[in-house]
Amino acid sequence: MRSNRNIINLLGIVIIAIIGGLLFGYDTAVISGAEKGLEKFFSRATDFVYSDSWHGFTASSALIGCILGALLSGPLSQRFGRKRSLFIAGLLFFISAWGSYMPESGILPKGEPSLTLLVVFNIYRIIGGIGVGLASAICPMYIAEIAPADRRGALVSWNQFAIIFGQLVVYFVNYLIVRAHVDDPAVIEWTEQVGWRVMFVSECVPAAAFSLLILLVPESPRYLVLDGRDEEAYHVLCKLHRPERAVEIIQQIHDTATERREPLLTFGWLVIFVGVMLSVFQQFVGINAVLYFAPRIFESMGVRSPMVITVLMGVVNISFTLLAIFTVERLGRKPLLIAGSLLMALGAMGVALTNVVALPPWVAVTSILVYSASFMFSWGPICWVYMAELFPNTIRSQAMAIAVAFQWISNFVVSSTFVPLYNTSHAFVYAMYGVICLLAALFVWKLVPETKGKTLEQITTMWRDKKAIA
């Protein structure tokens with residue numbers, strides 16, 4: 001039995017770590033409220049034409065940084081540790097939020113749209129994306145390396161809860177910013193000039209809090225052991241386990257990590273392939289296209305208050321993420337992924353149908369909510385659980401960086417192509433996502449192993465044995 005003190009220490013560490021997930025959600029979803037204001041603002045530029053392609057790029061430019069951040073997460077977390085890398089991510093979040101608020105930076109003419117200003121704005125968004133990429137890879141990895149095996153799935157899932165909570169918070173903040181000026185006769189002009197700026201700068205508050213609080217958590221004990229700092233690892237583990245259990249864990253880490261770092265393919269290609277494809281499918285099912293452009297989608301469906309429905313979607317997403325947290329250790333990872341894939345396919349096909357047959361708007365809205373909710377109890381949290389625990393100890397940083405980079409590349413492809421595809425054919429784009437959901441279910445059924453209840457060291461041994469058999 002763990003002491004109450006150990007449990008409190010564990011929960012305190014996890015709560016601080018998942019603020020990184022909250023910033024991940026906040027930064028990626030803030031664009032949903034700001035993108036229409038940005039479109040109107042830059043459409044007034046006289047030195048270039050702000051086309052659909054430019055808008056698609058601007059709405060998804062942060063994802064370029066996410067790819068870079070994910071690729072950097074491996075060498076940074078291995079060289080400087082998980083804790084200091086997360087501190088760097090927090091600083092990048094803050095710089096991006098302030099710079100997106102004031103891209104003129106005191107140099108360019110304020111309030112005058114131009115190609116130069118658009119480029120600078122996108123650079124600040126890319127900086128924030130690097131922070132997101134770092135946090136998206138390192139936060140779940142850090143939690144997995146801190147958490148006991150029997151609670152790892154639930155605790156890593158709380159990171160996804162924080163991501164969705166961050167999205168809900170920013171949906172609500174965006175709504176309040178617009179709502180506060182709804183009676184202003186110059187509301188359209190205000191939204192174009194100021195509203196989108198306020199939405200971005202609001203992220204400075206959680207970014208500053210995370211940067212300070214992350215300094216209070218200990219370094220990952222598994223990183224410390226791999227770095228040859230057994231005594232420090234022992235003191236960290238004693239805050240989370242009984243002293244004798246701390247000694248056992250350190251020995252288990254040594255048994256499966258005879259070297260600090262092994263070649264990426266030491267355990268074969270299959271483990272890397274499974275991790276990468278989990279990342280690719282998580283994005284190719286199309287969820288982030290819906291999250292980033294939610295108000296625009298609901299408006300096209302004939303909804304009178306798209307921002308209100310967007311907030312409702314955030315509440316639904318939160319609720320179904322909690323469902324995953326409380327069932328992942330009982331039902332396992334694979335059943336949730338397969339069930340979620342099938343229900344997402346149903347929701348996506350439902351939306352496609354409403355664009356072929358004349359049906360009331362509530363049918364399309366319900367289908368979107370089913371699609372989104374199904375993702376939130378399956379691919380949303382469970383993919384991150386898998387990536388945090390799937391890779392063997394000695395290649396985790398490298399493999400996690402590659403898998404998360406593929407996730408952000410896939411996210412960029414989906415997000416940057418959604419507006420042109422959506423404007424071409426609403427039905428086609430959702431039918432395509434529905435088919436991909438079915439392929440995702442087949443992939444999980446055939447290739448993804450169940451990891452419920454296994455220690456990270458047991459998972460390492462599992463892959464070593466698979467490589468030996470192959």
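**Exercise 1. Placing Phe 418**

In which helix does Phe 418 lie? Work out its setting, then compare it with Thr 417.

*Solution.* This is a predicted model, so please read every value below as computed from it.

Step 1. Find Phe 418 along the chain: it belongs to helix α20.

Step 2. Check its cover. Buried means under 20% relative accessible area. Phe 418 has a relative accessible area of 1%, so it counts as buried.

Step 3. Pick a distant partner. Ile 127 is 291 residues away from Phe 418 along the chain, and their C-alpha atoms are separated by 23 Å.

Step 4. Turn to Thr 417, which also lies in helix α20, residues 396–424. Thr 417 has 32% relative accessibility and therefore counts as partly exposed. Its C-alpha atom is separated by 38 Å from that of Ser 220, which is 197 residues apart from it along the chain.

**Exercise 2. The overall build**

Describe the secondary structure and the dimensions of the chain, and decide whether its radius of gyration agrees with that of a compact globule.

*Solution.*

Step 1. Count the elements: there are 22 helices and zero strands.

Step 2. Take the dimensions. The C-alpha trace spans about 70 × 50 × 40 Å along its principal axes.

Step 3. Apply the globule test. A compact globule of 470 residues would have a radius of gyration near 23 Å, and the chain has 22 Å, so the two agree.

Step 4. Look at the contacts. Of those between residues at least 6 apart in sequence, 84% join residues at least 24 apart.

Step 5. Add the surface. About 18,000 Å² is exposed, with 69% of it supplied by carbon and sulfur atoms. Of the 470 residues, 60% count as buried.

Step 6. Finish with charge. The chain has 34 positive and 30 negative charges, and their mean positions are 6 Å apart.

**Exercise 3. Two aromatic pairs**

Classify the ring pairs Trp 54–Phe 57 and Phe 273–Phe 443, and say how far apart in sequence the partners are.

*Solution.*

Step 1. Recall what to look at. A pair of aromatic rings is described by the distance of the centres and the angle of the planes. The chain has 21 aromatic pairs by the rule used here.

Step 2. Take Trp 54 and Phe 57. Their ring centres are 6.3 Å apart and their planes stand at 80°, so this pair is edge-to-face.

Step 3. Place this pair in sequence. Both residues belong to helix α3 (residues 52–60), and because they are three residues apart, about one helical turn separates them. An α-helix has 3.6 residues a turn, so residues three or four places apart point the same way.

Step 4. Check their exposure. Trp 54, at 28% relative accessibility, is partly exposed. Phe 57 is partly exposed too, with a relative accessible area of 27%.

Step 5. Now take Phe 273 and Phe 443. Here the centres are 6.4 Å apart and the planes lie at 75°, so this pair is edge-to-face as well. Phe 273 sits in helix α13 (residues 269–284) and Phe 443 in helix α21 (residues 426–447), so the pair ties together parts that are 170 residues apart in sequence.

Step 6. Compare the partners. Phe 273 is partly exposed at 32% relative accessibility, whereas Phe 443 is buried at 8%.

Step 7. Return to Trp 54 and Phe 57 for the wider picture. Ring pairs link them into a cluster whose members include Phe 41, Tyr 50, Phe 121 and Trp 196.

**Exercise 4. A covered helix and a buried alanine**

How many residues of helix α19 (residues 379–390) are buried? Then describe the surroundings of Ala 137.

*Solution.*

Step 1. Go through α19: twelve of its twelve residues are buried. Among them are Trp 379, Trp 384, Tyr 386 and Glu 389.

Step 2. Place Ala 137, which is in helix α6. Its relative accessible area is 1%, so Ala 137 is buried.

Step 3. List its contacts. Leaving out residues up to four places away in sequence, Ala 137 touches Ser 73, Met 400 and Val 404.

Step 4. Set sequence against space. Ala 137 and Ile 402 are 265 residues apart in sequence, with 9.6 Å between their C-alpha atoms.

**Exercise 5. An unusual backbone angle**

Where is Ser 105 placed, and what is notable about its phi?

*Solution.*

Step 1. Locate Ser 105 in the loop between α5 (82–101) and α6 (115–146).

Step 2. Read the angle: Ser 105 has a positive phi of about 55° although it is not a glycine.

Step 3. Add exposure. With a relative accessible area of 34%, Ser 105 is partly exposed.

Note on methods
Residues numbered from 1 in each chain as written. Predicted model: local features only at pLDDT ≥ 70, side-chain atom pairs only at ≥ 80, totals over all residues. Heavy atoms only, no water. Helix = DSSP H or I, 4+ residues; strand = E, 2+ residues; numbered from the N terminus. Rg over C-alpha atoms; globule rule 2.2 N^0.38 Å. Buried < 20%, exposed > 50% of the residue type's maximum accessible area, 1.4 Å probe, protein only. Contact = heavy atoms within 4.5 Å. Areas by Shrake-Rupley, 256 points an atom, 1.4 Å probe, with all protein chains shown as cover. Lys, Arg positive; Asp, Glu negative; His and termini not counted. Charge placed at Lys NZ, Arg CZ, Asp CG, Glu CD. Phe/Tyr/Trp six-rings, centres within 6.5 Å; stacked < 30°, edge-to-face > 60°.
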